[in-house]
Amino acid sequence: DILVNAFRRWLDKAADMSRDAGDAQAARAATGYDSMERSVYKDDRPRAELLDRYASHTVNCNICKTALKSLEEKRERLSLVSTALVGATGASGTI
């Protein structure tokens, strides 16, 4: 997954920088920016894109796609049952 890989790159970079150069470098490693305010990871995608589990995982995972399809079918059936129950309650005239 994109987010896990980004975190691992960050963790590796932070560990290398803090071990080699001390606290100042560790702070830069933790923020992901060098002294010129450029990203050290060369991955400037928006946070929303990095955290989008549907696009990064669910679309490609057969297990998740099957589960999502099943959930959508159940939701549709539940909606029909709910509509039928509301209609039956209204037709009976009881409150």
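**Reading a five-helix predicted model**

Reply: The protein exposes about 7,700 Å², of which carbon and sulfur atoms supply 58%; accessible areas here come from the Shrake-Rupley method with a 1.4 Å probe, and for residues only the protein chains shown count as cover. This is a predicted model, in which local features need pLDDT of at least 70 and side-chain atom pairs count only at pLDDT 80 or more, while totals for chains, interfaces and linings use all residues. Residues are numbered from 1 along each chain as its sequence is written, and side-chain values use heavy atoms, with hydrogens and water left out.

Me: Which elements of the protein have the lowest and the highest mean pLDDT?

Reply: Where pLDDT, the predictor's confidence in each residue from 0 to 100, is low, the predicted coordinates should not be read in detail. The protein averages a pLDDT of 76, and 65% of the residues score at least 70. Among its elements, helix α2 (residues 23-31) has the lowest mean, 61, and helix α5 (residues 62-92) the highest, 90.

Me: How many helices and strands does the secondary structure hold?

Reply: Helices (H or I, at least four residues) and strands (E, at least two) are DSSP runs, numbered from the N terminus. The protein has five helices and zero strands.

Me: Is S56 buried or exposed, and what does its side chain reach?

Reply: Buried means under 20% relative accessible area, exposed over 50%, and partly exposed in between, with a 1.4 Å probe and protein chains only. S56, found in helix α4 (residues 53-58), is buried because its relative accessible area is 17%. The side chain of S56 reaches the backbone oxygen of D52 at 2.9 Å. Leaving aside neighbours within four places in sequence, S56 is in contact (heavy atoms within 4.5 Å) with D1 and I2. I2 also lies 6.2 Å from L50, C-alpha to C-alpha, although the two are 48 residues apart in sequence. L50 belongs to helix α3 (residues 47-50) and counts as buried, because its relative accessibility is 17%.

Me: Why is C64 not in a bond with the closest cysteine sulfur, in C61?

Reply: A disulfide is a covalent bond between the sulfur atoms of two cysteines, and the criterion applied is a pair of cysteine sulfur atoms within 2.5 Å. The structure holds zero disulfides. The sulfur of C64 is 3.7 Å from that of C61, and therefore too far for a bond. C61 counts as buried because its relative accessibility is 18%, whereas C64 is partly exposed because its relative accessible area is 26%.

Note on methods:
A polar contact is a pair of N or O atoms within 3.5 Å; within protein, one must be able to donate a hydrogen and the other to accept it, and residues adjacent in sequence count only if both atoms are side-chain atoms.
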